[in-house]
Structure formats: structure tokens, C-alpha cells
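Reader: Could you take me through one part of this model up close? I'd like to see how the chain is laid out, and then zoom in on a single residue.

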Amino acid sequence: MTIGGVTVGGNAPVVVQSMTKTDTRDVAATVRQIRELEECGCEIVRLAVPDLEAAEALSSIKRESGIPLIADVHFDYRLALEALKAGVDGLRLNPGNISNPEQISAIVEAARPRSVPIRIGVNAGSMPKKADPAASVPERMAEAALEQIHLLERLDFDLIKVSLKAFDVPTTVEAHRLIAGRMPYPLHLGITEAGPPGTGVIRNALGIGILLYLGIGDTIRVSLTADPREEVVAGYEILKGLNLRQRGPTLVSCPTCGRCEVDLIGLAKQVEQRLAGLDKVIKVAVMGCVVNGPGEARDADVGIACGKGRAAIFKKGEVVRTVEDVDFLEGLMGEVDSL
Ligand code: SF4
């Protein structure tokens, strides 16, 4: 399947998504945020469409956006129809909020000629009322998605993507395990309402990471109570941690311990800041002593193994120079820049 030219599912790389946090009716602010997201690697962006004015704004936003747009529609199917008219690349519908078969049929008939995929986005907090109360939450989530999948299939529509989101990590994982073998469509992963970055990134990394490691999932969104660019950065870190995608620098740094005789925490923070804007796929190691330092530094593209007042700088496995402590940062960054 493609969403606005981005391939999703099959053997395609896992796609990193985010969601705008602006008022969609404010075209300028929304376009600005989409461009910021695109610059940091966001590949598909979702926008809330709470009313007709927001739906109508989508065509202007679409004209000025370089990445595919997904309209997130709840309650009123007519907003989905307007979003399709506006030229969005995908729709997200919540079966808990739009489930009337006639309304779904109207959306499908408008999406079909435009080849616009529909994501069936189940959320544990807003499940269909008729869900079996005796079933577990993961079972109810999977059943809600399957019911709407079958409705779309009866309408001969298969441009389907599915998401099953909850705040609880085991619930999310279990819901995906229940559905993964029962339908052939791409899955979008995320832990919803995960909180601010400190805890939210951990929850997302656990939920998304477990599922991706099990071979489940095609697109991801790390939802955070934060600037959406942080969601994209965290998404790539999850993919990098699983060796699924590479983007930008990877910083390896030791936790420090009683053997460390330099301000390694301060050095690592400075290196992290300097690496933040780089596009290069590069591994940089910042190590605090000679125990593990030379090994990790040698293993990285560029590394520094610090000792008291002096450090060895490694490049591609070889010591290229030694530096005094005042030159730790610049010496290391000079080698990064030279690559
Ligand atoms: Fe401690 Fe050295 Fe290991 Fe860093 S590299 S944690 S300073 S032993």
C-alpha cells in the first residue's frame, strides 16, 4: 500500500509518523509545524479534523505540505468526506466513534476512486459500545478492529491499515498479538496518552519495541506530551535501537563510574548537542576510562577514551591523536566533521 507515495507494509521500512498539535483551522501554523516535522524526518503526518472549517483548511495545508497527510476524523462521517475532497492522502477512523455501516459505505465510496487508505484506529478509551463486556480489553480491541475490517471488505475495499492503541503496554502488545495473524493489513503502532517525554518515550519504546521485535508493525508514532518533533526523534531512536532504520548520529557513552577521572557527563551532553543537527549516519563513542573505553571507541566511527587530563581519539578503529582535557570536545568533533 502507498499513502501519498510512501510505501507502507510488506518489506518496506517502518515509517515514522507524527501528528500536528496546532489548530488545523490555522493553516499557517499547521503548515509551519508540518515543515518542521518533515525536516526532522517525519514521513507521514496526521491532523485532527474536529469540524468543517478544519476539513476545509486541509486543501490549503495539502498544497503547501511535502509529506502525506492523514485526516483524523471522529463522530461525523461528513468530515471524512470533506477531508477526501480536500485531497488528503489517508483517513483515520475510530470504530468507537463512526460505525454506522451506511456512513462507512459513503466514506469508502469517496475513498475508493482516490485510492486513499483508511486506518481503522481502535483506542482502548473509546471502544464501540456493543463490545462484549465479558471479553478482555485486548480481545475487545481486536474484535472492534476486525468487525470494521470485515465491513470494509464486504464493501470490496482493502486499502486498510489498522491500529490498536492503549496506554497500557501489555494491553497494547496483547491486542496486536491477537490480531496480527488474523488479517493481512499493515499495522500502525503506538502507545497512546503515554505522557511527557521522560516516561512517555519509555512506554512507547517498550510497546513499539516489543512489537517490532516480534515482527509486528509497519508504521509508528511515539505520542508524547511535547513538541511533535520529539516524537519523530524518539521514533527513529526506537528504530535505530532495533537496527531497523538508521538516521543521523548514534551516541554511545558510558554511564561513568568510580574509575572515571573526567567530567564525562558534561562532555557527553555537549557532544549530544553538537550531534543533534547532523544528518550523517555515524556512531560516536564517549567513554570515561581505559577499561571499556578503547574497545567502544574503536568500534565506533569516531570515539574518545578519556583518562585523567588526556584522551585518545579514535577514528575507524585507529587512534588518530591524543588530546589534552581542554580539547576533548573540539578534538572529537573535529574528527566527526572530517568524516
Ligand atoms: Fe566506568 Fe570506564 Fe566503564 Fe565508563 S568506561 S563506566 S568510566 S569502567
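Into which domains is the protein chain divided? And where is arginine 274 found?

Author: Sure. Keep in mind that this is a predicted model. The chain splits into domain 1, covering 2-241, and domain 2, covering 250-338. Their C-alpha centres sit 40 Å apart.

Now for arginine 274. You'll find arginine 274 in helix α9, which runs over residues 264-275. Its relative accessibility is 36%, and since buried means under 20% and exposed means over 50%, arginine 274 ends up in the partly exposed class. Leaving out residues up to four places away in sequence, arginine 274 makes contact with Leu329, Glu330 and Met333. For a sense of distance, take valine 88: 186 residues separate arginine 274 from valine 88 in sequence, and C-alpha to C-alpha the two are 37 Å apart in space.

As for the inside of the protein, nonpolar side chains tend to be buried together in soluble globular proteins. Here the largest nonpolar core holds 73 residues, and the members touching the most others are Val73, Leu91, Ile118, Ile149, Val162 and Ile179. Helix α5 (residues 137-154) is the top contributor to this core, with eight residues. There is also a second, separate core of 26 residues, with Cys254, Val284, Ala285 and Val336 among them.

Back in the largest core, have a look at valine 73. Again setting aside residues up to four places away in sequence, valine 73 touches Val49, Leu79, Ala80, Leu91, Arg92, Leu93, Asn94 and Ile98.

Note on methods
Residues are numbered from 1 along each chain as its sequence is written. This is a predicted model: local features need pLDDT of at least 70, side-chain atom pairs count only at pLDDT 80 or more; totals for chains, interfaces and linings use all residues. Side-chain values use heavy atoms; hydrogens and water are left out. A nonpolar core is a set of buried Ala, Val, Leu, Ile, Met, Phe, Trp, Tyr and Cys residues joined through side-chain atoms within 4.5 Å. Buried means under 20% relative accessible area, exposed over 50%, partly exposed in between (1.4 Å probe, protein chains only). Helices (H or I, at least four residues) and strands (E, at least two) are DSSP runs, numbered from the N terminus. Contact means heavy atoms within 4.5 Å. Domain bounds come from an automatic or database domain assignment.
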